[in-house]
Amino acid sequence: MLEGTKAHATETMEHAKKDGKTSLILVVSKGGADMAYPSLILATTARALGMDAHMYFTFWGMQLLTPEGRKKAMDVFPPELQKKIAEKFPTLEQFMQAAKAAGVRIHACSPTMDMFGLSKDQLVGEVDDVIGASTYLELASRSDAMTLFI
Amino acid sequence: MLEGTKAHATETMEHAKKDGKTSLILVVSKGGADMAYPSLILATTARALGMDAHMYFTFWGMQLLTPEGRKKAMDVFPPELQKKIAEKFPTLEQFMQAAKAAGVRIHACSPTMDMFGLSKDQLVGEVDDVIGASTYLELASRSDAMTLFI
Amino acid sequence: MLEGTKAHATETMEHAKKDGKTSLILVVSKGGADMAYPSLILATTARALGMDAHMYFTFWGMQLLTPEGRKKAMDVFPPELQKKIAEKFPTLEQFMQAAKAAGVRIHACSPTMDMFGLSKDQLVGEVDDVIGASTYLELASRSDAMTLFI
């Protein structure tokens, strides 16, 4: 799905440096793979374009940060579609590891962890840190940032 | 959930004044408490950081602006989670009143009211006014605004 | 629902030219009419205000770009609400055609087409082109753009 990314990269980075936004800050609020894949595609594409990329997992999105929840996330798809996706895309675990390796920053939401009774040692290893809404707003309110609620 | 907010406030307000966005404009399009809580947390945290905060309730989100709909919003949670949330968070009614008291502006969407056959006197008292998509876009397109569709 | 739009148009366009964002870039990720209507209302209102408007249909949103999917999109509503909406709003087909005529640009997401095994000739005639995440990010990261994930 990154076809054409490299072709665009140089042009876009030039544009970004001159004029546009250079950070993508995603709020990932849903637990299903149907919203996890678009989030990861956007975050890794942003990195390929030379942008900073942050994923702030909150509410149902926290399910993607536990080993069991990340597997169960595929249940939103009917079995036939699960097979098709498995042929063309990495698993969510592989994709999150690739995102992390590409420099995407992974943040877990502290009030959600409190609400669901989760501690940091129950989360997957890709989590960089645990932050709250104020830190998210600080990141997203910078003039060079764009932000999406997914 | 506002832990750490005050610690960040001074730094962020300084940043915001110099460089970043100073208004948060939320479109609240879902009727369940699972998206209402994140919306209210973001809006009140924005106010605590010295930002302007607007909530534009549209489509299913309009359910949160009627007394009955606001109570039924908790039905998205299994009973056990409802109990946990009640221990740690204010009710949606209390939270919306607190948001209002903190200066969050509450807008109801006029085409949605028309679609659902609602009049303003059926809405909760926290509603500031009834606006349409053009007023939302005017607020959200200002250069100092950030906007999320929730 | 466009009542009041013209009254606002001159003022907002003046504002936009001086200071604000002049493009609205929507990611349409859901397949139901409940999110399609708000998307189309926002995009056409943006055009009425003199802004550029782009709709990037991705994931479940791709269903809105096939003739059958666009009809089935109304199934999210109970029959009574379907009737009410039909009285006050154009059909999704009519609305998308009107949006297109008003200058809204309609983009289909290439990785989603690949995932669902769709080719361009299966899509409705309103589609302008097929793009990927990098082109979306290029559009949305411009300093004069605002973007929403719907």
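Two strands count as paired if DSSP finds at least two bridges between them; helices (H or I, at least four residues) and strands (E, at least two) are DSSP runs, numbered from the N terminus. This is a predicted model, where local features need pLDDT of at least 70, side-chain atom pairs count only at pLDDT 80 or more, and totals for chains, interfaces and linings use all residues. Residues are numbered from 1 along each chain as its sequence is written, chains are lettered from A and ligands numbered from 1 in the order in which they are written, and side-chain values use heavy atoms, with hydrogens and water left out.

**Exercise 1. Work out which strands pair with β3(C), and in which sense.**

Step 1. Start with strand β2 (residues 52–57) of chain C: 4 bridges join this strand to β3(C), and the two run parallel. One residue to click on is C:Y56, whose bridge partner in β3(C) is C:H107.

Step 2. Now take strand β4 (residues 129–131) of chain C, which pairs with β3(C) in the parallel sense over 3 bridges. Here C:C109 stands opposite C:I131.

Step 3. Trace the connection: the chain goes from β3(C) through helix α6 (residues 110–116) of chain C to β4(C), a right-handed β-α-β crossover. Right-handed means that, with the strands pointing away from the viewer, the path from the first strand over the helix to the second runs clockwise.

Step 4. Check the burial of strand β3 (residues 105–109) of chain C: 4 of its 5 residues are buried, so the strand is largely enclosed by the rest of the structure. (Buried means under 20% relative accessible area, exposed over 50%, partly exposed in between, with a 1.4 Å probe and protein chains only.)

**Exercise 2. Sketch the make-up of chain A, then look at α7(A).**

Step 1. Count the elements: chain A has 7 helices and 5 strands. Read from the N terminus, they go α-β-α-β-α-α-α-β-α-β-α-β.

Step 2. Look at the whole chain: 57% of the 150 residues of chain A count as buried.

Step 3. Zoom in on helix α7 (residues 133–140) of chain A, where 6 of the 8 residues are buried, so this helix is largely enclosed by the rest of the structure. Among them are A:Y136, A:L137 and A:E138.

**Exercise 3. Find what is unusual about the phi of F59 in chains A and C.**

Step 1. Phi of A:F59 is near 45 degrees, a positive value in a residue other than glycine. For C:F59, phi is positive too, at about 50 degrees.

Step 2. Place them: A:F59 lies in the loop between β2 (52–57) and α3 (67–72) of chain A, and C:F59 is in the loop between β2 and α3 (67–72) of chain C.

Step 3. Add accessibility: A:F59 is buried at a relative accessible area of 3%, and C:F59 is buried at 3% as well.

**Exercise 4. Describe how chain C relates to chain B and meets its neighbours.**

Step 1. A rotation of 120 degrees with 0.0 Å of shift along its axis superposes chain C on chain B (RMSD 0.0 Å), by least squares on the C-alpha atoms of residues with pLDDT of at least 70 in both. That is the relation of a three-fold axis.

Step 2. Chain C and chain A bury about 2,400 Å² between them, 69% of it from carbon and sulfur atoms. (Buried area is the accessible area, with a 1.4 Å probe, that two parts lose on being put together, summed over both.) In chain C, C:M115, C:L137 and C:F149 lose the most area to chain A, together 28% of what that side buries.

Step 3. The contact of chain C with chain B takes 32 residues from chain C and 23 residues from chain B, where contact means heavy atoms within 4.5 Å. In chain C, C:K21, C:M35 and C:M146 lose the most area to chain B, together 20% of what that side buries.

Step 4. Compare the surfaces: only 9% of the interface residues of chain C are also interface residues in chain B, so the copies meet through different surfaces.
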